[in-house]
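Work through the following exercises with the sequence and the model open beside you, and try each task before you read its solution.

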Amino acid sequence: MNRRLITVIAVALVGVIAFATAACTQDQTRRTHSTLFIGVDASGSFKNSGYCDNALSFLAHYIYGHLHELGGLDKPQAMFVASVGGKDLREPKSFHPIHDFENKDIPHIEAELRKWFPPTDRVTDFNPFFQEVARITKERNLVLSPINVIVITDGMPDATTSGTTAGSQALYEKINLKPLEYLSRNVTLRLAYVSPKVGEHWRKHVSRERVRLWTVDGEVMKNWKEKMQPNLDLAEQDRFWKWLQDNVDYRVRSSKV
């Protein structure tokens, strides 16, 4: 083998190694540079919807799956969970960090969620929740990473203290997503357990420019347990994790979906 051929092979090998290293680094960056915010509707109206127990059980699986990267789910570098309601408007909320969920199994996570978020809130107040998401993102210097916000809710803004007719277009127009607009180049807001009508109101009447919105109907969400196969470990529940990615964690490509 002549010297020139050896040189060509060596250069080619260096190129392959460099490409593989770059791809690996890019994949690690994609997986670790995301932030997940979770909002829990603990209002009486959501309890009365009949989805509350189902939703908290689902959320425990959702959190556990992401933390352990089951079924190819991304593990967030940071995660915060808080209520989207309270006893009064603009009531301060505790945002539980990722550390409160690490090293816990699903029953333990679910028990904690039920303890922290009993369905006793009198109002559902989305705007203070979004403002806190923005504050935490900026204070922790998470602005360059993708921001994923999922809210477990019936999606209905509170009308009891606003003087506005319940379910009216005006209530949805008061929802303010501006704090989320420029936090990152990729901000996705997901609402799970809404009705088709409420989802339509969010898409039509909640003003947004860059925020990507995705809604999942309660009738779809309530059947998530049917995707679990008996006698299989969680890591082997491929059908459930695929359903979750296709229906809840769907990657929205446009802010106007």
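**Exercise 1.** Does Lys 204 count as buried or exposed?

*Solution.* The model is a predicted one, and the place to begin is helix 8 (residues 196-205), where Lys 204 is found. The next step is to compare its relative accessibility with the cut-off: a residue is called exposed when the value is over 50%. Lys 204 has a relative accessibility of 58%, and therefore counts as exposed. As a last step, look for Glu 173, which is 31 residues from Lys 204 in sequence, while the C-alpha atoms of the two are 9.2 Å apart in space.

**Exercise 2.** Describe how the rings of Phe 126 and Phe 130 are arranged, and state where the two residues lie.

*Solution.* A pair of aromatic rings is described by the distance of the centres and the angle of the planes. A search of the whole structure gives 17 aromatic pairs. Phe 126 and Phe 130 form an aromatic pair with 6.4 Å from centre to centre and 20 degrees between the planes. Planes under 30 degrees apart count as stacked, and this pair is accordingly described as stacked. Turning to the backbone, both residues belong to helix 5 (residues 126-139), and because they are 4 residues apart there, about one helical turn separates them. Finally, consider accessibility, for which buried means under 20%: Phe 126 is buried with a relative accessible area of 3%, and Phe 130, at 0% relative accessibility, counts as buried too.

**Exercise 3.** Determine how helix 3 and helix 4 are oriented towards one another, and which residues make the contact.

*Solution.* Start from the axes of helix 3 (residues 52-67) and helix 4 (residues 106-116), which come within 9 Å and cross at roughly 130 degrees. An angle over 145 degrees would count as roughly antiparallel, and 65 to 115 degrees as roughly perpendicular, so helix 3 is oblique to helix 4. The crossing in which helix 3 passes helix 4 is right-handed. On the side of helix 3, the residues in contact include Leu 56, Leu 59, Ala 60 and Ile 63, and on the side of helix 4 they include Ile 106, Ile 109 and Leu 113.

**Exercise 4.** What does the secondary structure of the protein chain come to, and what percentage of its residues count as buried?

*Solution.* Going along the protein chain, one arrives at 10 helices and 8 strands. Of its 257 residues, 47% count as buried. For the surface, the protein chain exposes about 13,500 Å², of which carbon and sulfur atoms supply 53%.

Definitions and conventions
Residues are numbered from 1 along each chain as its sequence is written. This is a predicted model: local features need pLDDT of at least 70, side-chain atom pairs count only at pLDDT 80 or more; totals for chains, interfaces and linings use all residues. Side-chain values use heavy atoms; hydrogens and water are left out. Rings of Phe, Tyr and Trp (its six-membered ring) pair if their centres lie within 6.5 Å; planes under 30 degrees apart count as stacked, over 60 as edge-to-face and the rest as tilted. Buried means under 20% relative accessible area, exposed over 50%, partly exposed in between (1.4 Å probe, protein chains only). Accessible areas come from the Shrake-Rupley method with a 1.4 Å probe; for residues, only the protein chains shown count as cover. Axes are lines fitted to C-alpha atoms, for helices over the stretch in contact, and angles run from 0 to 180 degrees between N-to-C directions. Angles under 35 degrees count as roughly parallel, over 145 as roughly antiparallel, 65 to 115 as roughly perpendicular and the rest as oblique. A crossing is left-handed if the near helix is turned anticlockwise from the far one by less than a right angle, and right-handed if clockwise. Contact means heavy atoms within 4.5 Å.
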